[in-house]
Amino acid sequence: MLRQLTRSVGLTSRLLRRVNYATNSSTGQSQIPVNTALENGRWAEKLKAAGVEDTEFNVKCIVSHVLKKKFNTVPDSFDQLQFNPGQLADFERFLEARCARMPLQHIIGEWDFMDITLKTSPSVFIPRPETEEFIRLVIEEYKDAKHVDLLEVGCGSGAMSLSMLHSLPQVEATAIERSKAATVLAAENAQMLGLLDRFRVHNHTMEEDKYLPEELKDQKYDLIISNPPYVKTEEFQFLHPEVVVYENLNALDGGSDGLKVARLVFELACRHLRPGGKLWLELGNDHPPLVKTIMNLKYEGRLKFIAGYSDQYKRERFVQIEKV
């Protein structure tokens with residue numbers, strides 16, 4: 001199965017490279033109704049056969065992107081919507097890519113996260129809907145704060161920090177990210193959103209006794225947030241094809257118990273949180289009780305477990321920790 005998907009990746013990449021994104025809308029071209037294009041290509045059947053869930057949502061996202069319309073302005077019925085030949089070619093190629101299980105966000109090249117739109121990249125992990133829930137909790141906690149010095153560990157595309165900055169003008173954010181590609185993408189997103197004056201990102205790999213880059217070694221923060229890799233190595237075999245084939249698996253691998261990187265973040269928090277400062281983490285659903293035990297056994301007098309919080313699926317996945 002994985003070999004077949006890998007071959008599909010190569011084919012899909014070649015198809016996408018041939019897409020002409022500049023839509024030709026000159027007069028005299030024939031138009032085809034969107035629904036006719038869907039029916040002729042039997043795309044709903046093909047997506048379901050490929051194992052793609054929520055086919056209607058996927059199709060609507062791609063239609064919206066091809067027609068350069070906002071998702072919520074496109075009618076579910078697609079009535080009165082038409083493609084010109086260039087748009088039809090793009091539509092078919094994008095759907096071929098989705099049938100090969102390329103993530104929708106990578107096909108479209110951007111994704112909405114809370115109230116902001118982010119550029120995406122195949123080399124950078126895509127933030128999940130549950131992460132929006134996580135950030136809403138943090139924003140609610142700090143909405144009345146006068147000033148917040150924020151540090152994000154492993155910022156990826158910048159989704160979490162940039163959402164905080166967009167919602168709370170009193171926040172200034174620093175981020176570290178081990179991937180060079182993600183570091184560049186996060187800075188590009190900050191610039192695109194007009195937030196670069198309050199956002200600094202550093203390409204840095206966190207290691208024991210080298211938790212922050214040299215220029216930040218003496219810095220203290222009011223708040224640290226992180227969505228570190230938390231998938232147990234043994235669980236990789238159960239991941240969806242979109243993740244296994246297309247995602248950067250280094251952004252997911254949390255080691256044997258899923259807390260390999262989180263343990264480094266605990267040590268970083270001991271050194272770089274101000275007294276009373278908070279550490280917020282998004283983890284796996286079996287991790288909060290384990291983190292509470294770790295705090296009680298190893299970090300007594302340094303870090304204190306405050307609470308665990310559940311996501312929309314009733315899974316306890318978010319934790320709040322305080323620097324003593």
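For sorting residues by chemistry, Ala, Val, Leu, Ile, Met, Phe, Trp, Tyr, Cys and Pro count as nonpolar, Asp, Glu, Lys and Arg as charged, and the others, Gly among them, as polar. Under that scheme, the lining of the second largest pocket splits into five nonpolar, four polar and four charged residues. The structure is a predicted model, so to speak of local features takes a pLDDT of at least 70, side-chain atom pairs count only at pLDDT 80 or more, and totals for chains, interfaces and linings use all residues. Residues are numbered from 1 along each chain as its sequence is written, and side-chain values use heavy atoms, with hydrogens and water left out.

On to the pocket itself. A pocket here is an open set of points on a 1 Å grid over the protein atoms alone, where a 1.4 Å probe fits, with protein on both sides within 12 Å along at least five of seven lines; lining residues have an atom within 4 Å of a point. Grid points are joined across faces, edges and corners, and the volume is the space filled by probe spheres set on the points. By that recipe, the second largest pocket comes out at about 470 Å³. It is lined by 13 residues, and K69, K70, F71, E110 and D112 are the closest to its centre. Two elements, α4 (55–66) and β3 (110–113), each supply two or more residues to this lining. The biggest contributor is α4, with four residues.

Zooming out, the protein has twelve helices and eleven strands, taken as DSSP runs (H or I, at least four residues, for helices; E, at least two, for strands) and numbered from the N terminus. Of its 324 residues, 49% count as buried, where buried means under 20% relative accessible area, exposed over 50%, and partly exposed in between (1.4 Å probe, protein chains only). The accessible surface adds up to about 16,300 Å², with 49% of it belonging to carbon and sulfur atoms; areas come from the Shrake-Rupley method with a 1.4 Å probe, and for residues only the protein chains shown count as cover. Looking at contacts (heavy atoms within 4.5 Å), 69% of those between residues at least 6 apart in sequence join residues at least 24 apart.

As for cysteines, a disulfide is a covalent bond between the sulfur atoms of two cysteines. With a cut-off of 2.5 Å between the sulfur atoms of a pair, the structure holds zero disulfides. C155 is buried because its relative accessible area is 5%, and C270 also counts as buried, at 13%.

A couple of helix residues show where separate stretches of chain meet up. A49 belongs to helix α3 (residues 43–49) and is exposed because its relative accessibility is 70%. Its C-alpha atom sits 8.4 Å from that of C99, 50 residues away along the chain. S167, in helix α8 (residues 159–167), is partly exposed, with a relative accessible area of 31%. The C-alpha atoms of S167 and K143 are separated by 8.4 Å, and the two residues are 24 apart along the chain.

Two loop aspartates round out the backbone picture. D54, in the loop between α3 and α4, has a phi near 50 degrees, a positive value in a residue other than glycine. D54 counts as exposed because its relative accessibility is 51%. D209 lies between β7 (199–203) and β8 (221–226), again in a loop, and its phi is near 65 degrees, positive in a residue other than glycine. At 62% relative accessibility, D209 is exposed too.
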